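Colleague: Could you take one part of this model and go through it closely, setting it in the context of the whole chain? I would like the reasoning spelled out wherever a class or a label is assigned.

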Amino acid sequence: KLELLEGLEHGLETPRSVALLRLKCLGCLVAGDDADSDVLVVREHQGGLPALIASLFASVCADREPFRSAKDGNDGTSLLRGSDDLHNILRMLRLVARVCRLDKTLSEELILMAEFQKACRGLRDDIECMLLNNTEESDLLVDVQDSLFEAMGIPCRRRMPFTDEELKMRLPLVYSLSSVDSLNKVMVLVHQVNRRQSSQT
């Protein structure tokens, strides 16, 4: 899981790279279609990129032994300070927050995933409890808490996760353009409008 986390951290740095991985995870982009898409070796994934991120997020957040120790009244301070688990949780939260800033459509899809919501709630409850009991590491905990709230995003009106078919309908449109001499090919991605706008706007 840490290998995948590292790959996502390095591979998802632009709106284009996020859009390409969304296409790839739903089997709508063949490896080699675009050089940027080969940065991450990710195969088609049931539920697309939102499901992949939600699963990784839940897996990383499951390693919360430092939180549980401190929450149960044990001396969690030393565990927190040198905790790889906490560091990885913070990395994951920052990745989710960044990816959701880069692609609002993905953000809407991710916050509807039950696995993601459950992990967020558990982590939020642990942090709130620890902030009451642990003042020495409050800066670190507040940093984690801030990243968590950013990752959780804005609540969506919709309640059920999107199906794979709906996810595919929300993908960017892909156009392949060639130069006159046909030596250079360019892939153009166009985000679709997901909300109807009134005629006045």
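Modeller: The secondary structure of the chain, in what is a predicted model, comes to ten helices and two strands, and from the N terminus on these elements run α-α-α-α-α-α-α-α-α-α-β-β. Of the 201 residues, 43% count as buried. The part I would single out is helix α3, residues 48-61.

Helix α3 has 14 residues and reaches 20 Å from its first C-alpha to its last, which is close to the 20 Å expected at 1.5 Å a residue. The helix is mostly covered, with twelve of its 14 residues buried; among them are Gly48, Leu49 and Pro50 at the start, Phe57 further along, and Val60 and Cys61 at the end. In an α-helix there are 3.6 residues a turn, so residues three or four places apart point the same way. For comparison of span, helix α6 (residues 84-102) has 19 residues and reaches 27 Å, again close to the expected 27 Å, and its buried residues include Leu86, Asn88, Arg91 and Cys100.

Within α3, phenylalanine 57 deserves attention of its own. Its relative accessibility is 0%, and because buried means under 20%, phenylalanine 57 counts as buried. The count of aromatic pairs comes to one, and this pair is made by phenylalanine 57 and phenylalanine 116, whose ring centres are 4.8 Å apart and whose planes stand at 50°. Since planes under 30 degrees apart would count as stacked and those over 60 as edge-to-face, the angle of 50° makes the pair tilted. The pair links distant parts of the chain, with phenylalanine 57 in helix α3 and phenylalanine 116 in helix α8, 59 residues apart. The partner ring is covered too, as phenylalanine 116 counts as buried at 2% relative accessibility.

Helix α8 spans residues 114-133 and also holds isoleucine 127, which is buried with a relative accessible area of 0%. Isoleucine 127 and leucine 141 are 14 residues apart in sequence, while their C-alpha atoms lie 6.6 Å apart in space.

The start of α3 leads to a second point of interest, a cavity. A search of the whole structure finds two cavities of 30 Å³ or more, and the second largest has a volume of about 40 Å³. Its lining is made up of Arg22, Leu26, Gly48, Leu49, Pro50, Glu109, Leu167 and Leu171, and α3 gives the most to this lining, with three residues. By class, the lining has five nonpolar, one polar and two charged residues.

Two of the lining residues, leucine 26 and leucine 171, come from parts of the sequence 145 residues apart, yet their C-alpha atoms are 9.3 Å apart in space. Leucine 171 lies in the loop between α10 (164-169) and β1 (173-178), and leucine 171 is itself buried, with a relative accessible area of 4%. Beside leucine 171 in the sequence, arginine 170 lies over the face of phenylalanine 162, at 4.1 Å from the ring centre.

Taken together, α3 contributes phenylalanine 57 to the aromatic pair with phenylalanine 116 of α8, and it gives three residues to the lining of the second largest cavity.

Technical notes
Residues are numbered from 1 along each chain as its sequence is written. This is a predicted model: local features need pLDDT of at least 70, side-chain atom pairs count only at pLDDT 80 or more; totals for chains, interfaces and linings use all residues. Side-chain values use heavy atoms; hydrogens and water are left out. Helices (H or I, at least four residues) and strands (E, at least two) are DSSP runs, numbered from the N terminus. The expected span of a helix is 1.5 Å times one less than its number of residues. Buried means under 20% relative accessible area, exposed over 50%, partly exposed in between (1.4 Å probe, protein chains only). Rings of Phe, Tyr and Trp (its six-membered ring) pair if their centres lie within 6.5 Å; planes under 30 degrees apart count as stacked, over 60 as edge-to-face and the rest as tilted. A charge sits over a ring if NZ of Lys or CZ of Arg is within 6 Å of the ring centre and within 35 degrees of the ring normal. On a 1 Å grid over the protein atoms alone, a cavity is a set of points where a 1.4 Å probe fits but cannot get out, and a pocket is an open set with protein on both sides within 12 Å along at least five of seven lines; lining residues have an atom within 4 Å of a point. Grid points are joined across faces, edges and corners, and a volume is the space filled by probe spheres set on the points. Ala, Val, Leu, Ile, Met, Phe, Trp, Tyr, Cys and Pro count as nonpolar, Asp, Glu, Lys and Arg as charged, and the others, Gly among them, as polar.
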